[in-house]
Structures are given as C-alpha cells and as structure tokens.
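Trainee: I am new to this structure and would like a close look at one helix and its surroundings. Please start with the whole chain and then narrow down.

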There are 2 protein chains.
Amino acid sequence: MPIKFAAIGLNHSHIYAQVDCLLREGAELVAFHAPEDDLAALFVEKFPGARRVADRRVILEDPAIALVLTAAILDERAGIAIEAMRHGKDVMSDKPGMTTLEQLGEVKRVQAETGRIYSVCYSEHFQTRSTVKAGELVAAGAIGQVVNTVGIGPHAIRKNSRPDWFYDRSRYGGILCDTGSHQCEQFLFFAGTDTDAEVISATVSNRSVPDRPGLQDVGDMHLRTPTVTGYVRVDWLTPDGLPTWGDGRLTILGTEGYIELRKYIDIAGRPGKDHLFLVDRKGVQHVDCSDVELPYGRQLIADVLNRTETAMPQARAFKAMELALTAQKMAEVGTVWQQ
Amino acid sequence: MPIKFAAIGLNHSHIYAQVDCLLREGAELVAFHAPEDDLAALFVEKFPGARRVADRRVILEDPAIALVLTAAILDERAGIAIEAMRHGKDVMSDKPGMTTLEQLGEVKRVQAETGRIYSVCYSEHFQTRSTVKAGELVAAGAIGQVVNTVGIGPHAIRKNSRPDWFYDRSRYGGILCDTGSHQCEQFLFFAGTDTDAEVISATVSNRSVPDRPGLQDVGDMHLRTPTVTGYVRVDWLTPDGLPTWGDGRLTILGTEGYIELRKYIDIAGRPGKDHLFLVDRKGVQHVDCSDVELPYGRQLIADVLNRTETAMPQARAFKAMELALTAQKMAEVGTVWQQ
C-alpha cells in the first residue's frame, strides 16, 4: 500500500520537488490546500490527481493521509507543522522550517509530545546530487577527518517576480534563517554532528536593494563544532549574466584531501550541474554526479512506515534551524529589519 | 642612477621573488647577510653579483644602500626592519612583518619617527597576476560595490624539508599571523579601506600534525568593515595529489557581479595559473592573467626615490598585520601554542 500525502501551502516552488521526490517512490498525492488561486492552478496542472480542498482541516482530519508537506509563506510553516503533528501526521517542510526561535521551541515540543516525524527538506543537500555524493565520499574516508567547510549560497533575486512577503523581514525570517538554514544543515552533516555546534559570529546587510529595506541581500556566519570550523555566505546578488539562479559552492577540507562542489554551474567550464572535484593523496579528479541517486524521498517514506530516522536524524533537522535562527539573531543585534 | 639594495635574512624563499621584482626594474643588489652557509650558497648561486657580509652592520652603515629586504625567521623581522629604519634605510619585509602586536607597535613608532618606508611584500597580492588584475577590474567598477570576499589560502607542509622554527609557535607567530596576513591585506585592498576594519571572530587548530604540537595547520577568521564582510581560511593541508603547493582562491562579491580567482591552479580544468573568472550583468568569462604586469617592484623603487606611497599605502601595510595579529590573539584565547 503506497503512503498517501497532501500539501498545505504552495508559496515556494520548492513544493514541486518536495512532491516529486515522494511520487517517484510510489507515494500518492491525494490533496492540497492553498488560498491562492494562481498557485493552485499551476499545481493542478502539474499534479492533476491532487484534489484542492478549501479548508485545510479536510486534510488534517483525513486518517488516510500519513504525511503533510508545506511550502507556505515562511512564518506560517511552523503553525502548519504543529497542527499537522497534533493531528497525527508526519511533516515535510520546505526550509526554513520556521522564522523564530520561539516557533522552533514550539515545534520541538510538539514533535516530542506527538512522536511524529518533523523533516525539513534542505534541498541544497537532499535534492542536490553532488552534495549527496560528497556525503558518500566523506563517509568512506576519501578526505580523512573533516576540518573545515565553506558554503557559498548565492541566489537570484528576480525582482519583478517576487511577492511582497519576500521583502518582509517578519515573514521570511531573515536571510540567514532562510537560505542560510540549508548551509547550517550541510555544516552539521559534514562535520559529523547533529547537536554539538555553535555560531561564533554572523552578519546581515542590505547592500543593493535600498527601495526594499526589509530585504537582507547578503549575510554570513562563522560556525564551529569541537573539531570542525565552517563559514557560510548567502546572498541575493547573482548577476544577470549567470545562466542559472546561483553559483552554489561547497568546499569540504579534510586532513587528507578536499572536495569542491560546483552544484549548479561550473562557470566558464564544463556543461551541466553537479560537478564534484576531489583532490586527495593520489591526484585531482572531476566527478560527474548527474547519475547519483537522491535517497531522501525513499528514506522518508520508509521512516514514515517504520518509524525510523534514516532520511535525516530528527535532531539535525532541529539543530540546523537553531544555528540559522541563532545566527540571524546575532547578526541583527542593534538593528531593526521590519519592512 | 639605479637604487642599491641589500638583503638581511634569507630564511624564507620568498626572498628570491622580493629581489627579482627589484632587479627586473633596474635596481642593484649589492650585498646580503645570512648566518646560514647553506642558504647563503644558494643565494649566491642565483645572484652572483651580491656580496655576502659577515656582519649586518656593514649593510646598515653603507650610505649607498637605500633599501633593505628581509625574509629572516619571522620573529626576527621586526628587529631587522627597526634597525634598518634607524639607519635611514627603507624596508621591504616578507610577510608577516612581525609576530606580535608589541613588535607591530614598535615598528609603527619607528616608522613614524624616521619617515622611512616600511613595506610588506604580501606576495599573494603583489606577486600574483590574477590578484593584480582583479584589483584593476574592481577599481574600474566591473562588479559594482564590493560586498564580501572569501579568501582560501592552503599551503603544502612538505614535512621533511622544514626547519625547526617552522613548527615553533613563538618563532612563526601562528598561522593567522603568517599566511593569514596575506589574506588580511587583500581583504582591506578589495574592501577599499586602509584602516577601518575589524576581526569579528577567529580560530586556529592542529588537526593533522600531532607530533608537532606547535604547528597550527588550520585557522580562519571573520572580518568586516562598515560595509564589507570577509572570511579567510588558511591551512597547511594541501594534499600530496595536488600538482602545486596550494589551491589558493579569492572570491570577490559585488553588487553587480563577482570575480573568482584560481590563483595557482584550476583543478581538473585549464592548464597554468592566474585564472580569473568574471560574472557580471552581461555573462561569464574566463580571463587568462598570465600577461598582467606586476607593478609592485617598479612602484616601490619610485616610492624610495620620490618619497611616495604608490606600491601600497603605509597604513595598509600596518593594518593588515594588525588584523592578522589580532585574529591570532583572539583565536588563541585560553590555549597555549608554544612548541
């Protein structure tokens, strides 16, 4: 029997990859809820089997639905996840899972009380073949012990196509919370810990969008565990001349080698995406990761059925958001970022 | 009349490039002092016109010598520079210029008193064509206003060829002081300030060389000016399989584009070194910088003759060391790093 799932909140297009990774593995999308007619129309076009429901309680109260997905506006996700867990559903949220440390505390409390799975689909890891491959190589000891990671996450602002909430600090949670949370999860993953990490320093700024003072277009943070350090820079400054939305990079330095990911483009280099470069004791090699399996959807379905944590430890889903939200708070000390 | 110069202290092979950049421009190397016979023999082989003197006072007291170069053991450089300035000579030191904030204070004081030029040859900038080219592009507005820089400076440890002082914290000053100072200078240069910058956080560690507890094999720091942020990671972890000593990178993010430098190698990519990648509103391009002029030597000679600051503002030479030494101190709080 395939598991049945539904979506509540389609505001970020990540919802399509969230749905796809489950459909691919045989799960069944039965329903969705979205207040916005335009977003709903696009979704139905892509997934004609999904029934639109006007009231999200229809989804929450359907005992056949095991899993609820959300890519709602960022400050609404925690509430949807909490409601879903209280109705006995597991949850897969788009990142960030929430926009405040208070919401994080509440989600953690309800997750512990209900024993539900609360997963955040950190797509720059789980939907990115080169990141998955790097995880396999590091686990196999290809670069020795991990020492440092540098993650660069530029995004394209595409100014004319963004809804108002995109520019509202209270709704998107700040740049380190939003796109930074991807990077925090990868830092934990490659550092080999789900809990033992801290933010040392962090900054945010608006350097290029003075007419949208609520937008943070750049932010960075310095992270560490007892043995591994990391740096993250995220921004909305992808230049128009780049043929894709962002030149995302991740460099993982180990005691015996290093890996560089050029996730979405190899500028003025090889075509395609998911380029992994491995430098070790023996030499330098380029690894094309376009055939690497993305196991997240399959693993999450197994977790729902077997009550396991194979897709991602529950603790890491939370800790990544804790780091991102803590960095966000540190970066904003003394400033006001409401629109 | 060409200017005459001399060298005191040959312990780092950087001295060869320091000498070359002046010889190329017509200056005359007349003498050198080094206590080590093996280092002196190699130097004479390369520069047969230079007379070895047994006492460095012969150089200091020769009124014909305008400029003294040093690449002595790192903790001895400040003393040599101070003595040279007190004897009326200008100075070009290998980086780092000194190993403690106290030495920095003394060098600054003597420089101010004597009015001599105290230059540090930060070779990852001044001897690196792609860095010089990036400076030209940024100054011409190619990427708008600079927002962030990320500098990665890996080096090869070549364990069997290093003298004992290389592993002695008190002699090399710590990794952020040593190889980190290159990066601090570039941060200031690309951020467009010679004075207004601070270290927000910093770490050092020894992850791979337990038998040499005095060596810091990795360190990093988070920097900022009022508008620009920066991250620096330096290490001695270049894997044996890399065909050169280090995969040095610098990424400069601006409001309208970004530049990536692959200074010494383009891993699994184009041959040669000094690769610059420019992404702007119009597109993506690779720029081969192998023909770019390195003006540092020519400019420093002009500065000596004309009492100007064209090679590098005096304030930036000092501020870069202040950042590096401050980061070093912050990173070591609570630890002991004597060999």
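**From the whole chain to one helix**

Mentor: Of the 339 residues in chain A, 61% are buried. The model is a predicted one. Chain A contains 11 helices and 14 strands, and its C-alpha atoms fill a box of roughly 55 × 50 × 40 Å along the principal axes. The radius of gyration is 19 Å, which agrees with the value near 20 Å that a compact globule of 339 residues would have. Among contacts between residues at least 6 apart in sequence, 70% join residues at least 24 apart. The accessible surface comes to about 12,500 Å², and carbon and sulfur atoms account for 50% of that surface.

Now the single part: helix 4 of chain A, which runs over residues 77–86. This helix is mostly covered, with seven of its 10 residues buried. The buried ones are A:Arg77, A:Ala78, A:Ile80, A:Ala81, A:Ile82, A:Ala84 and A:Met85. An α-helix has 3.6 residues a turn, so residues three or four places apart point the same way.

What lies over these buried residues? The cover includes parts of chain A that come before the helix in numbering, namely strand 1 (4–8), helix 3 (57–60) and strand 4 (65–70). It also includes strand 5 (90–94), helix 5 (101–114) and strand 6 (118–121) of chain A. After helix 4 of chain A comes A:Gly88, whose phi is positive, near 85°.

Note on methods. Residues numbered from 1 in each chain as written. Chains lettered and ligands numbered in written order. Predicted model: local features only at pLDDT ≥ 70, side-chain atom pairs only at ≥ 80, totals over all residues. Heavy atoms only, no water. Buried < 20%, exposed > 50% of the residue type's maximum accessible area, 1.4 Å probe, protein only. Helix = DSSP H or I, 4+ residues; strand = E, 2+ residues; numbered from the N terminus. Contact = heavy atoms within 4.5 Å. Rg over C-alpha atoms; globule rule 2.2 N^0.38 Å. Areas by Shrake-Rupley, 256 points an atom, 1.4 Å probe, with all protein chains shown as cover.
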